Amino acid sequence: MKVWMKRLLCAAAAAAGICALAALSQGAAGGTKQGGEKAEVTAAPVRIGFSETDSSNPWRVAQQTSLINAAADRGFQFLFEEPKERTAQWQLQNIREMLDAGMDYLVVIPASETALGEIIEMVKETGTKLILMECSTWDVDPEDYLFMICTDYYKEGQLCAQILHSRYQGEPVSILEVAGEEGSTVAGQRAAGFRDEILKYPRMKISGQILGSFDRVTAQKSMEEMLAGEPYYYNAIVAYSDEDGLGVLQALKVAGKADGSVPIISINGVQDALKAIIAGEYYATVESSPEVGPLIMQLIGSNEKGYAPAKQIFIPYNIFDRDNVLEQYKNAY
């Protein structure tokens, strides 16, 4: 077993007040008390692996932390390796190593639909129970996974359009679109939802686009370049992540144009976006909560007791705006 595997297994177990490796070597087989009396047999902890190919932004870090902490709270062993590459090839190797280490459950955000097919075949060989995230729009046989955590990214994009329509009440709207990461399923679905929804409102048009790439620095630079050149006319800004929206806001601040007159709407619900709403510099953000750990670990715990979970579980959404930001601030991450 690799050093990083041992370290993560012990760390998760130690946080729950147990020693994972000791449980594996002694607990499952039983021990002997002093004086020759046989010790009580302790069941080995549930072992859970997690694989994804992106840990490059605060939302992903919060998601990982949620899973790690929730596993530790229940005394589960949790195995996760920071992605070395954002490729399907790296993920398949990572999953093979975890399966070889002997996981009871495998939680996966697949790098691609093609990669998911290979993952399913690998998991079938071991009997490990598969839990999927962020692939609810793909054609997956429900028999191939235990349950799927679904976030409706398309709906999140639609909500951004609806918020903007409510703000302008039928007046003309020229929108600066801040594009998310190229090739990202999340960015693609959010953009599709937004673009499809604005077709319902003839006076809402996308007048220009800059690149955000789910990165605050990239979005700021893109906005600065646009402002320094021949800027698009816009009276609204829509970004497909808070990181992009906050980067654009910073560029507007540097240019002395962050007076709140041009509404910025984005998705995720991070505290920095809520702070900007409170300051009157930002209009709204659609919550896309990364706090999935407690739910996943609860469902695994129930499955261990013989209760089969529903096949698809949808994460609820919320909208943070100027009307509720003070009340909801504590719920942001």
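On a 1 Å grid over the protein atoms alone, a cavity is a set of points where a 1.4 Å probe fits but cannot get out, and a pocket is an open set with protein on both sides within 12 Å along at least five of seven lines; lining residues have an atom within 4 Å of a point. Grid points are joined across faces, edges and corners, and a volume is the space filled by probe spheres set on the points. The model is predicted, so local features need pLDDT of at least 70 and side-chain atom pairs count only at pLDDT 80 or more, while totals for chains, interfaces and linings use all residues. Residues are numbered from 1 along each chain as its sequence is written, and side-chain values use heavy atoms, with hydrogens and water left out.

The structure has 2 cavities of 30 Å³ or more. The largest cavity holds about 50 Å³ of space. Its lining consists of Trp59, Gln63, Met133, Glu134, Ile149, Thr151, Tyr153, Ser289 and Val292. By class these are 5 nonpolar, 3 polar and 1 charged, where Ala, Val, Leu, Ile, Met, Phe, Trp, Tyr, Cys and Pro count as nonpolar, Asp, Glu, Lys and Arg as charged, and the others, Gly among them, as polar.

The second largest cavity has a volume of about 30 Å³. Around this cavity lie Glu134, Cys135, Ser136, Thr137, Thr151, Tyr153, Thr185 and Gln189. The second lining divides into 2 nonpolar, 5 polar and 1 charged residues. Glu134, Thr151 and Tyr153 appear in both linings.

The largest pocket encloses about 480 Å³. It is lined by 25 residues, and those nearest its centre are Asp54, Arg60, Glu181, Ser184 and Thr185. Thr185 also lines the second largest cavity. The pocket lining comprises 8 nonpolar, 8 polar and 9 charged residues. Helix H3 (58-73) and helix H7 each supply at least two of the lining residues, and H7 gives the most, with 3 residues. Helices (H or I, at least four residues) are DSSP runs, numbered from the N terminus, as are strands (E, at least two).

Helix H7 (residues 185-198) also packs against helix H6 (residues 153-168): their axes come within 6 Å and cross at roughly 40°. Axes are lines fitted to C-alpha atoms, for helices over the stretch in contact, and angles run from 0 to 180 degrees between N-to-C directions. H6 is therefore oblique to H7, given that angles under 35 degrees count as roughly parallel, over 145 as roughly antiparallel, 65 to 115 as roughly perpendicular and the rest as oblique. The crossing of H6 and H7 is right-handed; that is, the near helix is turned clockwise from the far one by less than a right angle, anticlockwise being left-handed. Contact means heavy atoms within 4.5 Å. On the H6 side the contact residues include Tyr153, Tyr154 and Gly157, and on the H7 side they include Val186, Gln189 and Phe194. This contact divides into 9 nonpolar, 5 polar and 4 charged residues. Tyr153 and Gln189 belong to this contact and also line the second largest cavity.

Helix H3, a contributor to the pocket lining, meets helix H11 (residues 293-304), with axes that come within 7 Å and cross at roughly 40°. The two helices are therefore oblique to each other, and their crossing is right-handed. Ser66, Leu67, Ala70 and Ala71 of H3 make the contact with Gly293, Pro294, Ile296 and Met297 of H11. Its residues are 6 nonpolar, 2 polar and no charged.

A further pair is formed by helix H8 (residues 216-228) and helix H9 (residues 242-254), whose axes come within 7 Å and cross at roughly 45°. That angle makes H8 oblique to H9, and the crossing is right-handed. Among the contact residues are Ala219, Met223 and Leu227 of H8, and Leu246, Val248 and Ala251 of H9. The contact has 8 nonpolar, 3 polar and 4 charged residues.
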